[in-house]
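Here are some notes for a colleague who is opening this structure for the first time. Please read them with the sequence and the 3D view side by side.

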Amino acid sequence: MHDTLVAFAKWLEGTPWGHTTRESIWAYPFVQLIHFTGLSIWLGTNFALDLRLLGLGKRKATAAQVAQELFAWNWIGFAIVLTGGFMLFSGIATAFIANIAFQWKLGLFVPLALIWHVVVQRRARDWGQTLECPGTAKAAALVEILLWICVVTAAVQIPNH
Amino acid sequence: MWEALENLSWIKTLGSTGWMYSTVAVTHYFSMFWCIGSVAIVDLRVMGVAARKRNVAELADQLFPWAWIGFVLATISGFFMFATDAGDWAPSPVFHVKLTLIAVSAIVAYVVQRGAHKWALNPEIPRAAKIVALISLLLWVVTILSASEIPALEGLG
(Lines give C-alpha, C1' and ligand atoms only; values in the text may rest on other atoms or scores of the structure.)
Protein backbone atom coordinates (compact mmCIF):
# COMPACT_ATOMS: atom_id res chain seq x y z
CA MET A 1 0.00 0.00 0.00
CA HIS A 2 2.70 2.45 1.04
CA ASP A 3 4.91 1.47 -1.91
CA THR A 4 2.06 2.05 -4.33
CA LEU A 5 1.46 5.46 -2.79
CA VAL A 6 5.12 6.43 -3.09
CA ALA A 7 5.22 5.21 -6.69
CA PHE A 8 2.09 7.23 -7.44
CA ALA A 9 3.58 10.32 -5.76
CA LYS A 10 6.78 9.96 -7.80
CA TRP A 11 4.78 9.58 -11.00
CA LEU A 12 2.77 12.73 -10.17
CA GLU A 13 5.93 14.73 -9.61
CA GLY A 14 7.09 13.71 -13.09
CA THR A 15 3.87 14.81 -14.83
CA PRO A 16 3.96 18.10 -16.76
CA TRP A 17 1.64 19.83 -14.25
CA GLY A 18 3.74 18.49 -11.38
CA HIS A 19 6.84 19.98 -12.98
CA THR A 20 5.15 23.31 -13.63
CA THR A 21 3.82 23.71 -10.09
CA ARG A 22 7.20 22.86 -8.61
CA GLU A 23 9.61 24.62 -10.89
CA SER A 24 7.92 27.69 -12.22
CA ILE A 25 7.94 30.51 -9.68
CA TRP A 26 5.05 32.24 -11.40
CA ALA A 27 2.83 29.13 -11.54
CA TYR A 28 2.72 28.31 -7.84
CA PRO A 29 0.75 31.41 -6.70
CA PHE A 30 -1.78 30.81 -9.49
CA VAL A 31 -2.27 27.20 -8.44
CA GLN A 32 -2.68 28.31 -4.84
CA LEU A 33 -5.17 30.88 -6.10
CA ILE A 34 -7.27 28.09 -7.65
CA HIS A 35 -7.20 26.15 -4.38
CA PHE A 36 -8.09 29.20 -2.24
CA THR A 37 -10.81 30.51 -4.54
CA GLY A 38 -12.45 27.09 -4.50
CA LEU A 39 -12.09 26.92 -0.72
CA SER A 40 -13.83 30.26 -0.33
CA ILE A 41 -16.84 29.11 -2.34
CA TRP A 42 -16.84 25.64 -0.74
CA LEU A 43 -16.54 26.80 2.87
CA GLY A 44 -18.74 29.85 2.34
CA THR A 45 -21.61 27.70 1.07
CA ASN A 46 -21.02 25.00 3.71
CA PHE A 47 -21.19 27.50 6.55
CA ALA A 48 -24.20 29.30 5.11
CA LEU A 49 -26.08 26.01 5.47
CA ASP A 50 -24.56 25.02 8.83
CA LEU A 51 -25.31 28.41 10.36
CA ARG A 52 -28.87 28.30 9.03
CA LEU A 53 -29.33 24.81 10.55
CA LEU A 54 -28.05 26.26 13.82
CA GLY A 55 -30.70 28.95 13.52
CA LEU A 56 -28.16 31.80 13.44
CA GLY A 57 -28.53 34.84 11.23
CA LYS A 58 -31.46 35.68 8.97
CA ARG A 59 -34.08 32.93 9.04
CA LYS A 60 -36.39 33.89 6.20
CA ALA A 61 -35.45 30.88 4.10
CA THR A 62 -35.60 27.38 5.60
CA ALA A 63 -32.45 25.25 5.84
CA ALA A 64 -33.96 22.96 3.18
CA GLN A 65 -34.19 25.93 0.79
CA VAL A 66 -30.65 27.07 1.62
CA ALA A 67 -29.29 23.55 1.02
CA GLN A 68 -31.08 23.35 -2.30
CA GLU A 69 -30.23 26.79 -3.66
CA LEU A 70 -26.53 26.59 -2.74
CA PHE A 71 -26.08 22.96 -3.82
CA ALA A 72 -24.73 23.65 -7.32
CA TRP A 73 -22.12 26.24 -6.31
CA ASN A 74 -21.19 24.22 -3.26
CA TRP A 75 -20.00 21.39 -5.50
CA ILE A 76 -18.59 23.70 -8.17
CA GLY A 77 -16.50 25.14 -5.34
CA PHE A 78 -15.42 21.67 -4.33
CA ALA A 79 -14.37 20.82 -7.89
CA ILE A 80 -12.23 23.99 -7.95
CA VAL A 81 -10.66 23.10 -4.56
CA LEU A 82 -9.88 19.62 -5.82
CA THR A 83 -8.31 20.88 -9.06
CA GLY A 84 -6.02 23.33 -7.24
CA GLY A 85 -5.26 20.87 -4.43
CA PHE A 86 -4.36 18.12 -6.87
CA MET A 87 -1.96 20.42 -8.72
CA LEU A 88 -0.34 21.63 -5.49
CA PHE A 89 0.02 18.02 -4.39
CA SER A 90 1.52 16.95 -7.72
CA GLY A 91 4.36 19.45 -7.35
CA ILE A 92 5.89 17.83 -4.28
CA ALA A 93 3.81 14.69 -3.79
CA THR A 94 6.52 12.59 -2.11
CA ALA A 95 7.17 15.30 0.49
CA PHE A 96 3.43 15.68 1.12
CA ILE A 97 2.76 11.99 1.77
CA ALA A 98 5.66 11.90 4.24
CA ASN A 99 4.32 15.01 6.06
CA ILE A 100 2.48 14.17 9.28
CA ALA A 101 0.18 17.22 9.12
CA PHE A 102 -0.72 16.36 5.53
CA GLN A 103 -1.44 12.76 6.59
CA TRP A 104 -3.85 14.02 9.25
CA LYS A 105 -5.43 16.39 6.78
CA LEU A 106 -5.94 14.10 3.80
CA GLY A 107 -6.01 10.80 5.66
CA LEU A 108 -8.51 11.68 8.36
CA PHE A 109 -10.03 15.16 8.53
CA VAL A 110 -10.87 15.73 4.86
CA PRO A 111 -12.63 12.37 4.30
CA LEU A 112 -14.44 12.70 7.62
CA ALA A 113 -15.55 16.29 7.02
CA LEU A 114 -16.54 15.49 3.44
CA ILE A 115 -18.70 12.50 4.38
CA TRP A 116 -20.20 14.49 7.24
CA HIS A 117 -20.99 17.35 4.87
CA VAL A 118 -22.73 15.06 2.36
CA VAL A 119 -24.88 13.64 5.15
CA VAL A 120 -25.74 17.09 6.54
CA GLN A 121 -26.58 18.40 3.08
CA ARG A 122 -28.87 15.45 2.33
CA ARG A 123 -30.54 15.41 5.74
CA ALA A 124 -31.09 19.20 5.59
CA ARG A 125 -34.03 18.52 3.27
CA ASP A 126 -35.88 16.88 6.17
CA TRP A 127 -34.37 18.81 9.05
CA GLY A 128 -34.97 22.11 7.32
CA GLN A 129 -38.67 21.82 6.46
CA THR A 130 -39.61 24.24 9.22
CA LEU A 131 -38.00 27.52 10.28
CA GLU A 132 -36.61 25.99 13.48
CA CYS A 133 -34.44 22.87 13.03
CA PRO A 134 -34.33 19.91 15.43
CA GLY A 135 -31.51 19.55 17.99
CA THR A 136 -29.87 16.76 15.97
CA ALA A 137 -29.57 19.11 13.01
CA LYS A 138 -27.94 21.80 15.12
CA ALA A 139 -25.46 19.35 16.63
CA ALA A 140 -24.61 17.97 13.17
CA ALA A 141 -24.08 21.49 11.79
CA LEU A 142 -21.81 22.43 14.69
CA VAL A 143 -19.77 19.25 14.19
CA GLU A 144 -19.37 20.07 10.51
CA ILE A 145 -18.00 23.53 11.30
CA LEU A 146 -15.56 22.01 13.82
CA LEU A 147 -14.43 19.38 11.32
CA TRP A 148 -13.57 22.04 8.72
CA ILE A 149 -11.67 23.96 11.39
CA CYS A 150 -9.67 20.74 11.97
CA VAL A 151 -8.98 20.53 8.22
CA VAL A 152 -7.71 24.12 8.07
CA THR A 153 -5.65 23.61 11.25
CA ALA A 154 -3.94 20.54 9.81
CA ALA A 155 -3.31 22.43 6.55
CA VAL A 156 -1.71 25.37 8.37
CA GLN A 157 0.61 22.90 10.16
CA ILE A 158 1.94 21.37 6.92
CA PRO A 159 4.86 23.82 6.45
CA ASN A 160 5.89 23.31 10.10
CA HIS A 161 6.70 19.62 9.56
CA MET B 1 8.02 52.28 14.76
CA TRP B 2 7.27 48.87 13.19
CA GLU B 3 10.23 47.34 15.02
CA ALA B 4 8.78 48.68 18.27
CA LEU B 5 5.50 46.89 17.51
CA GLU B 6 7.37 43.70 16.66
CA ASN B 7 9.32 43.91 19.90
CA LEU B 8 6.36 44.30 22.25
CA SER B 9 6.69 41.46 24.71
CA TRP B 10 3.25 39.96 24.04
CA ILE B 11 3.75 40.17 20.26
CA LYS B 12 7.07 38.37 20.72
CA THR B 13 5.34 35.68 22.77
CA LEU B 14 2.65 35.34 20.10
CA GLY B 15 5.22 35.01 17.34
CA SER B 16 7.38 32.47 19.12
CA THR B 17 4.69 30.27 20.70
CA GLY B 18 3.73 27.61 18.17
CA TRP B 19 0.11 27.04 19.14
CA MET B 20 -0.63 30.76 19.53
CA TYR B 21 0.66 31.70 16.11
CA SER B 22 -1.08 28.67 14.57
CA THR B 23 -4.38 29.68 16.14
CA VAL B 24 -4.05 33.17 14.68
CA ALA B 25 -3.10 31.76 11.25
CA VAL B 26 -6.00 29.27 11.26
CA THR B 27 -8.38 32.10 12.20
CA HIS B 28 -7.00 34.22 9.37
CA TYR B 29 -7.40 31.59 6.63
CA PHE B 30 -10.70 30.35 7.93
CA SER B 31 -12.38 33.75 8.28
CA MET B 32 -10.91 34.91 4.97
CA PHE B 33 -12.51 31.97 3.12
CA TRP B 34 -15.76 32.54 4.99
CA CYS B 35 -15.80 36.25 4.08
CA ILE B 36 -14.87 35.86 0.42
CA GLY B 37 -17.16 32.85 -0.10
CA SER B 38 -20.15 34.68 1.34
CA VAL B 39 -19.61 37.75 -0.85
CA ALA B 40 -18.91 35.57 -3.91
CA ILE B 41 -22.27 33.79 -3.63
CA VAL B 42 -24.14 37.10 -3.59
CA ASP B 43 -22.02 38.30 -6.55
CA LEU B 44 -22.87 35.13 -8.47
CA ARG B 45 -26.54 35.58 -7.60
CA VAL B 46 -26.54 39.16 -8.86
CA MET B 47 -24.83 37.95 -12.04
CA GLY B 48 -27.70 35.50 -12.42
CA VAL B 49 -25.70 32.28 -12.21
CA ALA B 50 -26.38 31.12 -8.62
CA ALA B 51 -29.53 30.54 -6.53
CA ARG B 52 -31.69 32.17 -9.22
CA LYS B 53 -34.95 31.39 -7.44
CA ARG B 54 -33.88 33.24 -4.32
CA ASN B 55 -34.64 36.92 -3.89
CA VAL B 56 -31.37 38.89 -4.24
CA ALA B 57 -32.02 41.16 -1.26
CA GLU B 58 -32.91 38.20 0.97
CA LEU B 59 -29.78 36.30 0.00
CA ALA B 60 -27.65 39.39 0.62
CA ASP B 61 -29.27 39.81 4.05
CA GLN B 62 -28.47 36.22 4.87
CA LEU B 63 -24.86 36.15 3.67
CA PHE B 64 -23.44 39.65 4.20
CA PRO B 65 -23.49 39.51 8.01
CA TRP B 66 -21.24 36.41 7.75
CA ALA B 67 -19.05 38.16 5.20
CA TRP B 68 -18.45 41.12 7.54
CA ILE B 69 -17.88 38.96 10.61
CA GLY B 70 -15.34 37.00 8.57
CA PHE B 71 -13.81 40.26 7.35
CA VAL B 72 -13.36 41.63 10.88
CA LEU B 73 -11.86 38.35 12.15
CA ALA B 74 -9.51 38.16 9.16
CA THR B 75 -8.43 41.76 9.71
CA ILE B 76 -7.72 41.29 13.42
CA SER B 77 -5.86 37.99 12.94
CA GLY B 78 -4.05 39.46 9.94
CA PHE B 79 -2.89 42.39 12.01
CA PHE B 80 -1.43 40.01 14.62
CA MET B 81 0.39 38.05 11.92
CA PHE B 82 1.73 41.33 10.52
CA ALA B 83 2.79 42.50 13.98
CA THR B 84 4.99 39.47 14.68
CA ASP B 85 7.21 40.47 11.74
CA ALA B 86 6.13 44.09 11.25
CA GLY B 87 9.58 45.40 10.33
CA ASP B 88 9.73 43.13 7.28
CA TRP B 89 6.06 43.37 6.26
CA ALA B 90 5.65 47.14 6.48
CA PRO B 91 7.98 48.08 3.59
CA SER B 92 6.86 45.23 1.28
CA PRO B 93 5.37 46.68 -1.97
CA VAL B 94 3.34 43.53 -2.72
CA PHE B 95 1.87 43.70 0.79
CA HIS B 96 0.82 47.30 0.07
CA VAL B 97 -0.86 46.10 -3.10
CA LYS B 98 -2.65 43.40 -1.09
CA LEU B 99 -3.90 45.89 1.54
CA THR B 100 -5.11 48.27 -1.17
CA LEU B 101 -6.94 45.46 -2.96
CA ILE B 102 -8.59 44.38 0.31
CA ALA B 103 -9.83 47.93 0.88
CA VAL B 104 -11.16 48.30 -2.67
CA SER B 105 -12.76 44.81 -2.62
CA ALA B 106 -14.49 45.59 0.68
CA ILE B 107 -15.86 48.89 -0.66
CA VAL B 108 -17.20 47.22 -3.82
CA ALA B 109 -18.69 44.41 -1.68
CA TYR B 110 -20.51 47.10 0.32
CA VAL B 111 -21.82 48.59 -2.94
CA VAL B 112 -23.18 45.14 -3.87
CA GLN B 113 -24.76 44.76 -0.43
CA ARG B 114 -26.52 48.14 -0.67
CA GLY B 115 -27.41 47.61 -4.30
CA ALA B 116 -28.99 44.19 -3.71
CA HIS B 117 -32.05 45.81 -2.11
CA LYS B 118 -32.51 48.22 -4.99
CA TRP B 119 -31.91 45.60 -7.68
CA ALA B 120 -34.33 43.17 -6.04
CA LEU B 121 -37.18 45.59 -6.86
CA ASN B 122 -36.56 45.31 -10.61
CA PRO B 123 -38.16 42.45 -12.52
CA GLU B 124 -34.77 41.92 -14.14
CA ILE B 125 -31.41 42.69 -12.54
CA PRO B 126 -29.87 45.64 -14.43
CA ARG B 127 -26.82 44.98 -16.52
CA ALA B 128 -24.80 47.57 -14.62
CA ALA B 129 -25.46 45.62 -11.41
CA LYS B 130 -24.16 42.43 -12.99
CA ILE B 131 -21.00 44.23 -14.02
CA VAL B 132 -20.50 45.56 -10.48
CA ALA B 133 -20.94 42.00 -9.11
CA LEU B 134 -18.45 40.65 -11.63
CA ILE B 135 -15.94 43.33 -10.64
CA SER B 136 -16.47 42.43 -6.98
CA LEU B 137 -15.83 38.76 -7.71
CA LEU B 138 -12.72 39.45 -9.78
CA LEU B 139 -11.35 41.86 -7.16
CA TRP B 140 -11.45 39.13 -4.51
CA VAL B 141 -9.70 36.72 -6.85
CA VAL B 142 -6.97 39.28 -7.53
CA THR B 143 -6.75 39.96 -3.79
CA ILE B 144 -6.08 36.27 -3.09
CA LEU B 145 -3.51 36.26 -5.89
CA SER B 146 -1.70 39.27 -4.44
CA ALA B 147 -1.56 37.48 -1.07
CA SER B 148 -0.12 34.35 -2.71
CA GLU B 149 2.46 36.44 -4.55
CA ILE B 150 3.98 37.83 -1.32
CA PRO B 151 5.87 34.63 -0.41
CA ALA B 152 6.66 33.99 -4.07
CA LEU B 153 8.06 37.43 -4.85
CA GLU B 154 9.31 38.65 -1.51
CA GLY B 155 9.91 35.54 0.59
CA LEU B 156 7.63 36.78 3.37
CA GLY B 157 5.03 34.74 5.21
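The points below take up the nonpolar cores and then one helix of chain B.

1. This is a predicted model, and the points that follow should be read with that in mind. The largest nonpolar core has 77 residues, among which A63(A), V42(B) and L63(B) touch the most other members.

2. Both chains contribute to this core: the elements giving two or more residues are α3 (27–54), α4 (63–91), α6 (100–127) and α7 (135–157) of chain A, together with α3 (18–47), α4 (56–84), α6 (93–119) and α7 (127–154) of chain B. With 15 residues, α3(B) gives the most.

3. Leaving aside residues up to four places away in sequence, A63(A) touches L49(A), R52(A), L53(A), A124(A), W127(A), G128(A) and C133(A). Apart from the largest core there is a second, separate one of 5 residues, which includes A9(A), L12(A), F89(A) and F96(A).

4. Turning to α7(B), this helix has 28 residues and reaches 40 Å from its first C-alpha to its last, which is close to the 40 Å expected at 1.5 Å a residue. The helix nevertheless bends by about 30° at S148(B), and a proline, P151(B), follows within four residues.

5. Which elements do the buried residues of α7(B) pack against? They pack against α3 of chain A, and also against α3 and α6 of chain B. The buried residues of α7(B) include A129(B), A133(B), L137(B), W140(B) and I144(B), and S148(B) is also buried.

6. After α7(B) comes G155(B), whose phi is positive, near 65°.

Conventions: Residues are numbered from 1 along each chain as its sequence is written. Chains are lettered from A and ligands numbered from 1 in the order in which they are written. This is a predicted model: local features need pLDDT of at least 70, side-chain atom pairs count only at pLDDT 80 or more; totals for chains, interfaces and linings use all residues. A nonpolar core is a set of buried Ala, Val, Leu, Ile, Met, Phe, Trp, Tyr and Cys residues joined through C-beta atoms within 7 Å. A residue is buried if 20 or more other C-beta atoms lie within 10 Å of its own, exposed if 12 or fewer, and partly exposed in between; C-beta atoms are placed from the backbone. Two residues are in contact if their C-beta atoms, placed from the backbone, lie within 7 Å. The expected span of a helix is 1.5 Å times one less than its number of residues. The bend at a residue is the angle between axes fitted to the seven residues ending there and the seven starting there.
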